[in-house]
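Student: Hi, I've just opened this one. Could you walk me through it?
Tutor: Happy to, let's bring it up together.

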2 protein chains.
Amino acid sequence: MSDPRLLTLTEKLKRRGYRLTPQRLAILNILAASEGHPTVEQIHARVHVEFPTTSLATVYKTIAMLKAEGEVLELGFGNISRYDGSKPQPHPHLICTRCQSIVDPDEHLFADLSKDLTKKYGYQITSYRIDYFGICPECQHQNV
Amino acid sequence: MSDPRLLTLTEKLKRRGYRLTPQRLAILNILAASEGHPTVEQIHARVHVEFPTTSLATVYKTIAMLKAEGEVLELGFGNISRYDGSKPQPHPHLICTRCQSIVDPDEHLFADLSKDLTKKYGYQITSYRIDYFGICPECQHQNV
DNA sequence: TTATGTGCAAACAGTTTGCACATAA
DNA sequence: TTATGTGCAAACTGTTTGCACATAA
């Protein structure tokens with residue numbers, strides 16, 4: 001357990017009285033890294049390697065628990081959701097529609113928008129969702 | 001039929017060989033106005049007043065047809081979708097989480113972002129989704 | 001007249017839930 | 001020891017589909 005995010009997460013959950021079962025630890029491990037912002041199915045498949053009895057329901061329940069604790073960011077895309085447990089605060093995403101990879105662009109590009117919207121429209125902004133879709137440089141170069 | 005958007009829409013569909021049934025016209029009527037960015041249920045309920053036999057399936061099929069023609073913008077929120085048939089191109093939204101109203105903020109605030117992202121990350125941006133969530137001025141003033 | 005659209009009911013996919021059993025603390 | 005978590009299967013929700021009948025053009 002060298003990942004500092006994983007450490008913060010397990011400490012918090014322990015403090016909050018949650019049990020750290022092997023299934024949960026495996027799920028947390030994947031979410032703390034959040035490589036590629038996995039779907040529930042992908043998380044389940046990966047946990048399954050180590051713990052073959054783990055059910056989808058447990059993955060869903062663990063994610064629900066983490067959402068309640070504000071420790072995972074859910075990115076819903078139509079009927080599929082992907083999760084980021086390494087940076088659970090809202091932040092913009094840059095998504096390749098060819099290879100499905102997700103990049104987190106520099107947030108400074110978007111820094112003043114909340115304030116601008118409050119000033120111009122009087123809204124108290126509480127959250128946001130910003131996704132840009134396109135073709136990543138790698139996919140552009142392999143013209144398939 | 002005084003709404004220019006509705007006129008453009010019906011003309012295009014006629015030209016493309018689609019039949020303009022009474023059900024479709026009623027749905028188009030609602031979507032062309034898109035007051036409040038209605039859900040499928042809301043569209044169905046409103047069409048139902050005039051045409052009580054209209055099924056949900058027809059509403060879904062009509063929306064699917066309009067999506068294929070690029071004439072409606074779908075805004076998925078978790079398990080619910082809302083539709084904008086008056087301005088089907090991607091554009092930012094400002095959403096009140098109290099009264100569910102949706103405002104279209106000035107797009108100029110976001111004008112350069114696509115270009116900035118292309119320059120900085122090499123992505124060819126094809127589309128985007130920008131939603132800001134908050135409390136609208138009206139809801140702020142009625143502290144319930 | 002006939003290709004297209006409608007409406008019903010069944011199917012579908014992702015998610016949630018109830019409950020008996022298992023287990024972390 | 002016992003309150004909490006797990007795993008299964010059933011339920012649920014929004015959406016899609018197949019098919020017989022209806023109808024716009």
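**Around the DNA**

Tutor: Let's start at DNA strand D: α2 (22-33) and α4 of chain A, together with α4 (56-68) of chain B, each supply at least two residues of the surface near this strand. Keep in mind that this is a predicted model.

Student: Okay! Which residues come nearest to DNA strand D?
Tutor: Those are R19(A), T21(A), R24(A), K61(A) and Y60(B), out of 19 residues around the strand.

Student: And how do the residues of that surface divide by class?
Tutor: The surface near DNA strand D has six nonpolar, eight polar and five charged residues.

Student: What part of the atoms of DNA strand D within 4 Å of the protein belongs to sugar or phosphate?
Tutor: Sugar or phosphate accounts for 69% of those atoms, and the rest belong to bases.

Student: Can you give me some actual atom pairs on that strand?
Tutor: Sure. In chain A, an N or O atom in the side chain of T53(A) is 2.8 Å from a phosphate oxygen of DNA strand D. A polar side-chain atom of Q23(A) lies 3.0 Å from a sugar or linking oxygen of the strand.

Student: What about chain B, how far is the side chain of K61(B) from a base oxygen of DNA strand D?
Tutor: An N or O atom in the K61(B) side chain is 3.2 Å from that base oxygen.

Student: Let's switch to the other strand. Which residues are closest to DNA strand C?
Tutor: Y60(A), R19(B), T21(B), R24(B) and K61(B) are the closest, and 20 residues surround DNA strand C.

Student: Which elements supply that surface?
Tutor: In chain A, α4 and β2 (80-84) each supply at least two residues of the surface near DNA strand C, and so do α2 (22-33) and α4 in chain B. By class, the surface residues divide into seven nonpolar, eight polar and five charged.

Student: Got any atom pairs for DNA strand C too?
Tutor: Yes, here are some. An N or O atom in the side chain of T21(B) is 2.6 Å from a phosphate oxygen of DNA strand C. From chain A, a polar backbone atom of L20(A) is 3.1 Å from a phosphate oxygen of the strand. The side chain of R19(A) has an N or O atom 3.1 Å from a base oxygen of DNA strand C.

Student: New topic: how many helices and strands are there in chain A?
Tutor: Chain A has six helices and five strands. Starting at the N terminus, the elements run α-α-α-α-β-β-β-β-α-β-α.

Student: And what does its C-alpha trace span?
Tutor: Along its principal axes, the C-alpha trace of chain A spans about 50 × 45 × 30 Å.

Student: At what angle do helix α3 and helix α4 of chain A cross?
Tutor: The axes of α3 (residues 40-50) and α4 (residues 56-68) in chain A cross at roughly 120° and come within 10 Å. α3(A) and α4(A) are therefore oblique to each other. The crossing of α3(A) past α4(A) is right-handed.

Student: Which residues make that contact?
Tutor: α3(A) brings V40(A), E41(A), I43(A) and H44(A), while α4(A) brings L56(A), V59(A), Y60(A) and I63(A). Six residues in the contact of α3(A) with α4(A) are nonpolar, one is polar and one is charged.

Student: Last one: how far apart are the axes of helix α3 of chain B and α4(B)?
Tutor: Those axes are 10 Å apart, and the two helices pack at an angle of about 120°. The crossing of α3(B) and α4(B) is right-handed.

Notes. Residues are numbered from 1 along each chain as its sequence is written. Chains are lettered from A and ligands numbered from 1 in the order in which they are written. This is a predicted model: local features need pLDDT of at least 70, side-chain atom pairs count only at pLDDT 80 or more; totals for chains, interfaces and linings use all residues. Side-chain values use heavy atoms; hydrogens and water are left out. Axes are lines fitted to C-alpha atoms, for helices over the stretch in contact, and angles run from 0 to 180 degrees between N-to-C directions. Helices (H or I, at least four residues) and strands (E, at least two) are DSSP runs, numbered from the N terminus. Angles under 35 degrees count as roughly parallel, over 145 as roughly antiparallel, 65 to 115 as roughly perpendicular and the rest as oblique. A crossing is left-handed if the near helix is turned anticlockwise from the far one by less than a right angle, and right-handed if clockwise. Contact means heavy atoms within 4.5 Å. Ala, Val, Leu, Ile, Met, Phe, Trp, Tyr, Cys and Pro count as nonpolar, Asp, Glu, Lys and Arg as charged, and the others, Gly among them, as polar. A residue is near a molecule or strand if one of its heavy atoms lies within 4 Å of it. A polar contact is a pair of N or O atoms within 3.5 Å; within protein, one must be able to donate a hydrogen and the other to accept it, and residues adjacent in sequence count only if both atoms are side-chain atoms.
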